[in-house]
Amino acid sequence: MTSHVTLRRPDDWHLHLRDGAMLRAVAPESARHFGRAIIMPNLVPPVLTGADARAYRDRITAALPAGARFTPLMTLYLTEDTDPADVVAAHREGVITAVKLYPAGATTNSASGVRDFDRVRGVLDAMAEAGVPLCVHGEVTDPDIDIFDREAVFIDRILDPLRRATPGLRVVMEHITTADAADYVRSVEDGLAATITTHHLVINRNHILAGGIRPHYYCLPVAKRESHRLALRAAATAGDARFFLGTDSAPHPDGAKESACGCAGCFTAPHTMSILAHVFEDEGALDRLEGFTSLYGPAFYGLPANDDRLTLVRDDAPLELPAKLMTDDGPVTLFDPGFALHWRVTPN
Ligand code: NCD
Ligand code: ZN
């Protein structure tokens with residue numbers, strides 16, 4: 001049995017770091033293992049302009065432990081008022097890496113997202129021209145559409161027409177949860193990729209709803225039925241460069257999740273690499289872990305892979321992990337994969 005794996009340092013192509021006390025608590029957790037991360041802009045208020053992104057980047061850097069080698073790759077939150085010139089300038093100056101599209105009301109703090117896609121056409125055209133990728137939360141928000149169908153419907157109604165109307169726009173379909181999304185991404189040769197989260201490789205909707213309601217497994221897009229989880233595992237472990245890691249680690253204080261109206265989000269930053277090594281080992285694909293976590297993401301974004309490396313060692317004894325991260329905003333429960341973890345990240 002393989003006992004260790006060495007990878008280029010991984011990156012996280014979809015991460016929520018929040019702000020204030022939560023940022024200070026969770027940023028070191030990502031910086032410990034990851035070289036870079038695409039930072040989601042859904043703060044309250046959101047990261048709307050190049051100036052906002054620069055200020056947020058400075059707050060993130062200030063929250064990192066001394067000596068951390070972690071680069072936050074900033075995004076802007078696309079609204080119907082986004083100024084194309086500001087996007088292009090922020091990208092040219094290296095302040096932002098991508099722009100994030102949230103359909104209005106799709107998820108946590110997305111109220112200022114896009115309602116009328118015709119109103120962002122100018123920004124999308126400018127992004128295509130300047131080579132700024134668009135990260136997409138791929139769910140429709142129409143109350144008539146069943147929550148388990150919202151991703152598949154989004155592809156047909158929004159994503160495919162949007163891509164056809166803006167040739168040349170590079171698009172990342174974020175945190176895909178369905179076989180439909182994986183198939184759609186595979187149907188496109190170039191310019192479209194998808195991130196897959198750690199938790200969607202592990203849970204299906206039964207984990208959330210069978211035998212009691214488990215708020216710490218609730219995230220958006222919500223986990224789907226088992227056949228979709230298996231399709232995601234197949235996509236992630238296939239060695240296909242169109243699929244790469246975006247953890248969507250999304251911390252909320254326990255009080256906000258264990259509630260009559262609990263927030264969406266799973267917190268996986270501290271132990272994502274251990275869980276992924278377990279999943280890839282299960283699939284007989286440990287040799288493909290590096291592509292998924294460390295090579296395909298940079299290639300899509302036109303960046304070099306990280307120079308340094310990270311080693312995972314398989315211990316016989318299970319890892320002892322705290323169940324919660326303590327923060328000044330309250331405890332945050334770590335995602336429980338439901339199996340013992342044996343892959344330990346060693347300091348390099
Ligand atoms: C995210 C959050 O909490 O900000 N929640 C989640 O369930 N993934 C928002 C998001 O990415 O949808
Ligand atoms: Zn997210």
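How many residues line the largest pocket, and which of them lie nearest its centre? I started my notebook with that one, and 23 residues turned up in the lining, with R32, H33, P270, V345 and T346 nearest the centre.

**Ground rules**

I am working on a predicted model, where local features need pLDDT of at least 70 and side-chain atom pairs count only at pLDDT 80 or more, while totals for chains, interfaces and linings use all residues. Residues are numbered from 1 along each chain as its sequence is written, chains are lettered from A and ligands numbered from 1 in the order in which they are written, and side-chain values use heavy atoms, with hydrogens and water left out.

**Entry: the largest pocket**

I noted how a pocket is found: on a 1 Å grid over the protein atoms alone, it is an open set of points where a 1.4 Å probe fits, with protein on both sides within 12 Å along at least five of seven lines, and lining residues have an atom within 4 Å of a point. The volume came out at about 420 Å³, taken as the space filled by probe spheres set on the points, which are joined across faces, edges and corners.

Next I looked up which elements supply the lining. At least two residues each come from α1 (20-33), β10 (309-314), β11 (324-325) and β13 (343-346), and α1 gives the most, with 4 residues. Helices here are DSSP runs of H or I with at least four residues, and strands are runs of E with at least two, numbered from the N terminus.

By character, the lining splits into 10 nonpolar, 5 polar and 8 charged residues. For that count, Ala, Val, Leu, Ile, Met, Phe, Trp, Tyr, Cys and Pro are nonpolar, Asp, Glu, Lys and Arg are charged, and the others, Gly among them, are polar.

**Entry: the zinc ion (ligand 2)**

I found H14 (NE2), H16 (NE2) and D248 (OD) as its protein donors, lying 2.0 Å from the zinc ion. A donor is an N, O or S atom within 2.8 Å of the metal (3.2 Å for Na, K and Ca), and water is not among the atoms, so sites may look incomplete. The donor residues are spaced H-x1-H-x231-D in sequence.

The angles among the 4 donor atoms run from 93 to 136°, and the site is irregular. Four donors count as tetrahedral if all angles lie between 85 and 135 degrees; four count as square planar and six as octahedral if opposite donors are over 155 degrees apart and all others between 65 and 115; anything else is irregular.

H14 and H16 are both buried, meaning under 20% relative accessible area (exposed is over 50%, partly exposed in between; 1.4 Å probe, protein chains only). D248 is buried too, at 5% relative accessibility. I also flagged its positive phi of about 55°, although D248 is not a glycine; this residue sits in the loop between β9 (243-245) and α9 (254-257).

**Entry: other backbone oddities**

H175 has a positive phi of about 35° and is not a glycine either. I placed H175 in the loop between β7 (171-173) and α6 (179-186), buried at 2% relative accessible area.

A cis peptide bond joins V44 and P45, with omega about -5°, and P45 lies in the loop between β3 (36-39) and α2 (50-63). Another cis peptide bond joins L220 and P221, with omega about -10°; P221 lies in the loop between α7 (205-209) and α8 (226-236).

**Entry: cysteines**

I counted 0 disulfides, a disulfide being a pair of cysteine sulfur atoms within 2.5 Å. Why is C135 without a bond? The closest cysteine sulfur, in C219, is 17 Å from that of C135, too far for a bond. C266 is in no disulfide, with the sulfur of C219 the nearest at 4.3 Å. C135 is buried at 0% relative accessibility, and C266 is buried at a relative accessible area of 1%.
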